[in-house]
Amino acid sequence: MSDNPRAFRLADRIQQIVATMLDTRVKDPRLGFVTITDTRVSGDLQHATLFYTVFGNEEEREGTAAALASATGLLRREVGRQTGIRLTPTLEFVPDAIPENARQIEDLLSVARDRDAELARTKEGATYAGDAEPYRVPREDGEDIDDIEDPEGSEGDGDQPTPRIEDPRA
């Protein structure tokens, strides 16, 4: 769908009209519990794609798809009558993939939660491979770096003292 504001308004209006028609006028027994989730209209306003979801099993989804295909003419005529535009757009019904994608995401999140719980159980009895506190303890105020004892008793590299870098701002 383009960035045409007229196309956005027409898509919203088509969605309202078709949803109302499916609820009130289409009496096909194959039509299940259907919801129009989104509508997109081409930039030239000649083609409308309606995305729908059906609550039920695969058989009910197939029956609803057949019922929507058979009711397309009635729905298109009503869209043309209620919108009043010169050329009524063709209607195409496409099953929306959002519920299946949401189900897949939920399954992946469930697997991640299970792995996190397993890691937490593994971590409970674990101990550190090295020291519990591997980092140096920060110096206390007033303590100079030369006052801290070297654990190995050496001063830098061999006999040479560690060179000091003077701060040029001092």
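Among contacts (heavy atoms within 4.5 Å) in this predicted model between residues at least 6 apart in sequence, 58% join residues at least 24 apart. Buried residues, meaning those under 20% relative accessible area, with exposed over 50% and partly exposed in between (1.4 Å probe, protein chains only), make up 22% of the 170 residues. The accessible surface comes to about 13400 Å², and 50% of that belongs to carbon and sulfur atoms; the areas come from the Shrake-Rupley method with a 1.4 Å probe, and for residues only the protein chains shown count as cover.

A word on conventions: residues are numbered from 1 along each chain as its sequence is written, and side-chain values use heavy atoms, with hydrogens and water left out. Because the model is predicted, local features need pLDDT of at least 70 and side-chain atom pairs count only at pLDDT 80 or more, while totals for chains, interfaces and linings use all residues.

**Overall layout**
- The protein has 4 helices and 3 strands, where helices (H or I, at least four residues) and strands (E, at least two) are DSSP runs numbered from the N terminus.
- Read from the N terminus, the order of elements is α-β-β-α-α-β-α.

**Strand pairing around β2**
- Strands count as paired if DSSP finds at least two bridges between them.
- Strand β1 (residues 33–41) runs antiparallel to β2, joined by 8 bridges; one bridge partnership is V41 with A48 in β2.
- The hairpin of β1 and β2 has 5 residues between the strands, and L45 in the turn has a positive phi of about 60 degrees.
- With strand β3 (residues 90–95), β2 pairs in the parallel sense over 6 bridges.
- Since 7 of its 9 residues are buried, β2 is largely enclosed by the rest of the structure.

**T49, a residue of β2**
- T49 lies in β2 (residues 47–55) and is buried at a relative accessible area of 14%.
- Opposite T49 in β3 stands E92.
- Not counting residues up to four places away in sequence, T49 touches D38, T39, R40, E92 and V94.
- The side chains of T49 and H47 share a polar contact of 3.4 Å; such a contact is a pair of N or O atoms within 3.5 Å, where within protein one must be able to donate a hydrogen and the other to accept it, and residues adjacent in sequence count only if both atoms are side-chain atoms.

**The nonpolar core**
- A nonpolar core is a set of buried Ala, Val, Leu, Ile, Met, Phe, Trp, Tyr and Cys residues joined through side-chain atoms within 4.5 Å.
- The largest one has 26 residues, and I14, V18, L22, L75, L91 and F93 have the most contacts inside it.
- At least two residues of this core come from each of α1 (5–24), β1, β2, α2 (58–70), α3 (72–83) and β3, with α1 giving the most, 8 residues.
- F93 touches V18, I36, L50, Y52, L68, T72 and L75, leaving out residues up to four places away in sequence.

**Helix α3**
- T72, L75, E78, V79 and G80 are buried in α3, and their cover includes α1, α2 and β3.
- Just after α3, G84 takes a positive phi of about 75 degrees.

**D28, a loop residue**
- D28 sits in the loop between α1 and β1 and is buried, with a relative accessible area of 18%.
- A polar contact of 2.7 Å joins the side chains of D28 and R30.
- Beyond its neighbours within four places in sequence, D28 is in contact with A67 and S70.
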